[in-house]
Amino acid sequence: MDKEDIAYRQQIINTYKPDVEKLIRYLPWLEEKAGGTVAETFEGSGIKDHSITFPVYDGTLMSFIKEVQKTGLLDRNYPYIYSQHRIRTVQDELNAISRADIKEMNVLKGILSKYVLGGMTKGRLWTEAVSNRIFLNIISKMKQNIEFWDKPMY
């Protein structure tokens, strides 16, 4: 292992660690909600008869989304990551997440970006990311990668 490799890894840790530290507090909630639902359809006041229904999201989910939006973990060029790594299905995403090491944090960032940014226009993406453990696995993997080369985060 040469000095350049060590310096590169340290740069990745310095880049990602502050943002990941902000998000790890959501891990217990993401674990609890995995496979479940985090949105309900608002149908009060007879809205169904006169207008379209809309989802009402769990407050913790909205806090998580807002927190992610304040980080440097969003990449508007995420489709490039998907094509570069031939990620097409949810299973491809989950496999890419589990394989990603410290040098592939950009893959994790790309998948996170698809769901957070895409969810702004297709809200179901947020609920799918919780239900399919995408958010949980990404934040857990980022934490695991950083802790492997650095010290434990709480």
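Helix α9 has a long list of buried residues: Ile134, Phe135, Leu136, Ile138, Ile139, Lys141, Met142, Asn145 and Ile146. Those residues pack against α1, α2, α4, α6, α7 and α8. Keep in mind that this is a predicted model. As a whole, the chain has 9 helices and 2 strands, and 39% of its 154 residues count as buried.

**Helix α9 and the core**

- With 16 residues at 1.5 Å each, α9 should span 22 Å, and its end C-alpha atoms sit 23 Å apart, which agrees.
- Two of the buried α9 residues, Phe135 and Ile138, are also among those with the most contacts inside the largest nonpolar core, alongside Phe64 and Ile111.
- That core has 43 residues, and the elements that give two or more residues to it are α1 (3-23), α2 (27-33), α4, α5 (78-84), α6 (90-99), α7 (105-118), α8 (124-131) and α9 (134-149).
- As a bit of background, nonpolar side chains tend to be buried together in soluble globular proteins.
- Who does Phe135 touch, once neighbours within four places in sequence are left aside? Its contacts are Leu30, Leu61, Phe64, Ile65, Leu112, Tyr115, Val116, Trp126, Ala129 and Val130.

**Helix α6, one face in**

- In α6, the buried residues are Glu93, Ala96 and Ile97.
- Looking down the axis of α6, you find these buried residues within an arc of 100°, so they line one face of the helix.
- The packing partners of the buried α6 residues are α5, α7 and α9.

**Where α1 meets α4**

- Glu67 belongs to helix α4, which covers residues 59-69, while Leu23 is found in helix α1.
- Along the chain these two are 44 residues apart, yet 7.2 Å separates their C-alpha atoms.
- Is Glu67 buried or exposed? With a relative accessible area of 14%, under the 20% cut-off, Glu67 is buried.
- The Glu67 side chain has a polar contact of 3.2 Å with the side chain of Arg25.
- Beyond its neighbours within four places in sequence, Glu67 is in contact with Lys22, Leu23, Arg25 and Tyr26.
- Leu23 is buried too, with a relative accessible area of 0%.
- Setting aside residues up to four places away in sequence, Leu23 touches Phe64, Glu67, Val68, Leu73 and Ile139. Of these, Phe64 is one of the residues with the most contacts inside the largest core, and Ile139 is one of the buried residues of α9.

**A buried serine in α7**

- Ser113 has its place in helix α7 and counts as buried, at 0% relative accessibility.
- What lies 2.7 Å from a polar atom of the Ser113 side chain? The backbone oxygen of Lys109 does.
- Not counting residues up to four places away in sequence, Ser113 touches Leu73, Leu74, Asp75, Tyr78 and Gly118. Leu73 also turns up among the residues that Leu23 touches.

**Two arginines with positive phi**

- Most residues other than glycine have a negative phi.
- Arg86 goes the other way, with a positive phi near 50°. You'll find Arg86 in the loop between α5 and α6.
- At 59% relative accessibility, which is over the 50% cut-off, Arg86 counts as exposed.
- Arg133 also has a positive phi, near 70°, and lies in the loop between α8 and α9.
- How accessible is Arg133, and what does that make it? Its relative accessible area is 33%, which falls between the 20% and 50% cut-offs, so Arg133 is partly exposed.

**The chain overall**

- Reading from the N terminus on, the elements run α-α-β-α-β-α-α-α-α-α-α.
- Among contacts between residues at least 6 apart in sequence, 72% join residues at least 24 apart. The contact between Leu23 and Glu67 is one such case, with their positions 44 residues apart along the chain.
- The accessible surface of the chain comes to about 8,900 Å², and carbon and sulfur atoms account for 49% of that surface.

Technical notes. Residues numbered from 1 in each chain as written. Predicted model: local features only at pLDDT ≥ 70, side-chain atom pairs only at ≥ 80, totals over all residues. Heavy atoms only, no water. Helix = DSSP H or I, 4+ residues; strand = E, 2+ residues; numbered from the N terminus. Buried < 20%, exposed > 50% of the residue type's maximum accessible area, 1.4 Å probe, protein only. Polar contact = N/O pair within 3.5 Å; in protein donor to acceptor, adjacent residues only side chain to side chain. Contact = heavy atoms within 4.5 Å. Core = buried A, V, L, I, M, F, W, Y, C linked by side-chain atoms within 4.5 Å. Arc of directions from axis to C-beta. Areas by Shrake-Rupley, 256 points an atom, 1.4 Å probe, with all protein chains shown as cover. Expected span 1.5 Å × (residues − 1).
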